[in-house]
Amino acid sequence: QVHLVESGGGLVQPGGSLRLSCTMSGRIFSINAMGWYRQAPGKQRELVAVITSSGTTNYGDSVKGRFTISRDNGKNMLYLQMDSLKPEDTAVYYCSVSQALRGIRYDYWGQGTQVTVSS
């Protein structure tokens with residue numbers, strides 16, 4: 001079992017920045033990938049950014065060049081640096097971890113943190 005807790009959300013003006021953090025605990029091994037997703041009201045959950053065990057990163061088209069995903073394996077932390085924020089970035093942001101054990105994939109999710117971009 002992997003437990004995830006997001007933090008760092010809040011209200012920010014357009015053009016501002018926020019840094020989200022995800023604290024991981026539990027059986028943190030055999031992790032294939034870690035990522036951030038978001039869900040706005042009335043919309044489906046979408047990929048924001050993902051980082052694989054080898055360090056490869058991938059970003060959603062709408063955040064490329066503005067958001068940066070990073071991790072600190074020693075501290076079991078995942079981060080999302082969000083710059084040049086836009087009102088359309090308003091959503092609940094979720095941390096996610098994909099784990100593979102004996103050929104079975106397990107996906108874990110945090111409870112989410114609200115990000116609101118508004119003047």
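Buried means under 20% relative accessible area, exposed over 50%, and partly exposed in between (1.4 Å probe, protein chains only). The model is predicted, so local features need pLDDT of at least 70 and side-chain atom pairs count only at pLDDT 80 or more, while totals for chains, interfaces and linings use all residues. Residues are numbered from 1 along each chain as its sequence is written, and side-chain values use heavy atoms, with hydrogens and water left out.

**Exercise 1.** Work out which cysteines the disulfide joins, and its handedness.

*Solution.*
- Start with the rule: a disulfide is a pair of cysteine sulfur atoms within 2.5 Å.
- Cysteine 22 and cysteine 95 fit, with S to S at 2.1 Å, and the count comes to one disulfide.
- Next, place the two: cysteine 22 sits in strand S3 (residues 18-26) and cysteine 95 in strand S9, so the pair ties together parts 73 residues apart in sequence. Strands here are DSSP runs of E, at least two residues, numbered from the N terminus.
- Now the twist: the torsion about the S-S bond is about -80 degrees, so the disulfide is left-handed.
- Last, check the surroundings: cysteine 22 and cysteine 95 are both buried.

**Exercise 2.** Is arginine 102 buried or exposed, and what is its phi?

*Solution.*
- Find the spot: arginine 102 lies in the loop between S9 and S10.
- Those strands run antiparallel, joined by six bridges; strands pair if DSSP finds at least two bridges between them.
- Use the cut-offs: at 79% relative accessibility, arginine 102 counts as exposed.
- Then read phi: about 50 degrees, positive, although arginine 102 is not a glycine. Most residues other than glycine have a negative phi.

Notes: Helix = DSSP H or I, 4+ residues; strand = E, 2+ residues; numbered from the N terminus.
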